[in-house]
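Grab a coffee and open the viewer: here are a few exercises on holes and helices. Try each task yourself before you read the solution.

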Amino acid sequence: MLAGFLLAACLSTHAEVKLPAIFSDGMVMQQQTNANLWGTATPYKKVTVTTSWNGKQYAATADKNGAWKLTVATPEAGGPYTVTFDDGTQKTLNNILIGELWLCSGQSNMEMPMKGFKNQPVENANMDILHSKNPQIRLFTVKRTSTFTPQNDVIGSWKEANPVSVRDFSATAYYFGRLVNEILDVPVGLVVAAWGGSACEAWMTADWLKAFPEAKIPQTEADIKSKNRTPTVLYNGMLHPLIGMTMKGVIWYQGEANTPDPGLYKRLFSAMVSQWRTFFNNPQMPFYYVQIAPWKSEGNDKLDWAWFRQCQLELMSAVPNVGMVTTGDAGSENFIHSPYKIKVGERLAYWALAKTYHRKGIQYSGPIYKSHRVKGNVVEIDFEHGEEGLIPENQNVKGFEIVGTDGIFRPAKAEIINGSSTVKVWND
């Protein structure tokens, strides 16, 4: 009798469907698609999923390890809704919104919260935090996790945007999501998986890194010399559990850790974007990234970060369906963590609104070098995305330098030619 009772109790304990943290109360699901859901249950048990927005039931059978996966059809943006899971014991997720879901990743400039880092504030954050209450914006921060083996879940929870939750959330991601929500008038979900100082190769798998002999893939735990730069470790701990999540796209703010080798980064980034698109089963998944900002401590070689920014610029033509935010005017002389996160976040949103959501009438990119010619002692430079003319017109434009055959950079004078997208540059 006692043995029978213990067996029944044991089966009851294991019967309840278990879901990864990303599928929990308050989550946002991507609208108008077939969205993946997965979890574990009793091995070989049938799992039924019921979605409240259409009353439909979907079913899958758990495999020998208890793992199951299925897709559900999502409607136009709206909510809140519920999703009920049942393999004999019901589990219901509440307060679910249907809208636009974005993954936000990178290193410390993506990780930097609205409250700022110590002695490094975010401009106007106090006022923006005060006005941040918005149940249509949902936030999920993946806890830092660096591992040798791929994990099945992350640590984190969904929170509605309000002064308490926004204060500790990525400033870049928040400003991006705030503008997308405002313009589209739909719920927005933001999943942040970022780690300060992380290298690009830390967010990639061993299989894809085999093409890069420069990347020393760890063979044992002892090979992990850096928790945020060793190849594969952040993919294993923070990204692998999210693979399969149905979402709209990615915003990426990373690069400083890879500045010593721009050529390698160009290859790594291209491979990483391709890899992520494969894992999220979206070959054209939008991928918008931030060009690293200038600051006074750009390494021993004056040009190393400049060459890296050039590499990031070239990636726009090397990788399809990406867009780059320029930050030449949004850096900080004294801090690598610029306070101007609203500029970065909203510029990322411009790319998404123009290219992903097809909103017309906005300028989504800053001026980008197109071509140049030498006329006497003047260099004339043409820019794209300046069709309406560049500014400041009829003033000396700061920031240009000229280098001759002697290899010495000298400050240059620069002026915009007659309200055009051409700048003339010279040094007397």
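The exercises below deal with cavities and with two helices in this predicted model.

**Exercise 1. Find how many cavities of 30 Å³ or more there are, and work out what surrounds the largest cavity.**

Solution.
- Step 1: start with the idea. Rolling a probe the size of a water molecule over the atoms shows where empty space is left.
- Step 2: count. There are two cavities of 30 Å³ or more, and the largest has a volume of about 80 Å³.
- Step 3: list the walls. The lining of the largest cavity is made up of I22, F23, M27, V28, M29, Q30, A35, N36, L37, L101, M245 and T246.
- Step 4: map them onto elements. Strand 1 (28-30) and strand 2 (34-40) are the elements that give two or more residues to this lining.
- Step 5: sort by class. Nine of the lining residues are nonpolar, three are polar and none is charged.

**Exercise 2. Do the same for the second largest cavity: what lines it?**

Solution.
- Step 1: get the volume, which is about 30 Å³.
- Step 2: walk round the wall. You'll meet E256, A293, P294, W295, W305, G331, S332, F335 and I336.
- Step 3: sort again. This lining has six nonpolar residues, two polar ones and one charged one.

**Exercise 3. Work out where the buried residues of helix 9 sit around its axis.**

Solution.
- Step 1: check the length. Helix 9 (residues 304-318) has 15 residues and runs 21 Å from first C-alpha to last, close to the 21 Å expected at 1.5 Å a residue.
- Step 2: pick out the buried residues, taking under 20% relative accessible area as the cut-off. They are D304, W305, F308, R309, C311, Q312, L315 and M316.
- Step 3: look down the axis. The buried residues of helix 9 fall within an arc of 160°, so they line one face.
- Step 4: recall the geometry. An α-helix has 3.6 residues a turn, so residues three or four places apart point the same way.
- Step 5: flip to the face turned away from the buried side of helix 9, where you'll find the exposed residues W307 and S317.
- Step 6: find the neighbours. The buried residues of helix 9 pack against helix 8 (262-279), strand 12 (287-290), strand 13 (322-325), helix 10 (341-356) and strand 14 (368-375).

**Exercise 4. Compare the span of helix 8 with the expected one, then see what follows this helix.**

Solution.
- Step 1: 18 residues at 1.5 Å a residue should span 26 Å, and the end C-alpha atoms of helix 8 are 25 Å apart, which agrees.
- Step 2: note its buried residues, among them Y265, F269, M272 and W276.
- Step 3: move past the end. N281 follows helix 8 and has a positive phi, near 55°.

Conventions
Residues are numbered from 1 along each chain as its sequence is written. This is a predicted model: local features need pLDDT of at least 70, side-chain atom pairs count only at pLDDT 80 or more; totals for chains, interfaces and linings use all residues. Side-chain values use heavy atoms; hydrogens and water are left out. On a 1 Å grid over the protein atoms alone, a cavity is a set of points where a 1.4 Å probe fits but cannot get out, and a pocket is an open set with protein on both sides within 12 Å along at least five of seven lines; lining residues have an atom within 4 Å of a point. Grid points are joined across faces, edges and corners, and a volume is the space filled by probe spheres set on the points. Helices (H or I, at least four residues) and strands (E, at least two) are DSSP runs, numbered from the N terminus. Ala, Val, Leu, Ile, Met, Phe, Trp, Tyr, Cys and Pro count as nonpolar, Asp, Glu, Lys and Arg as charged, and the others, Gly among them, as polar. The expected span of a helix is 1.5 Å times one less than its number of residues. Buried means under 20% relative accessible area, exposed over 50%, partly exposed in between (1.4 Å probe, protein chains only). The arc is that of the directions from the helix axis to the C-beta atoms. Contact means heavy atoms within 4.5 Å.
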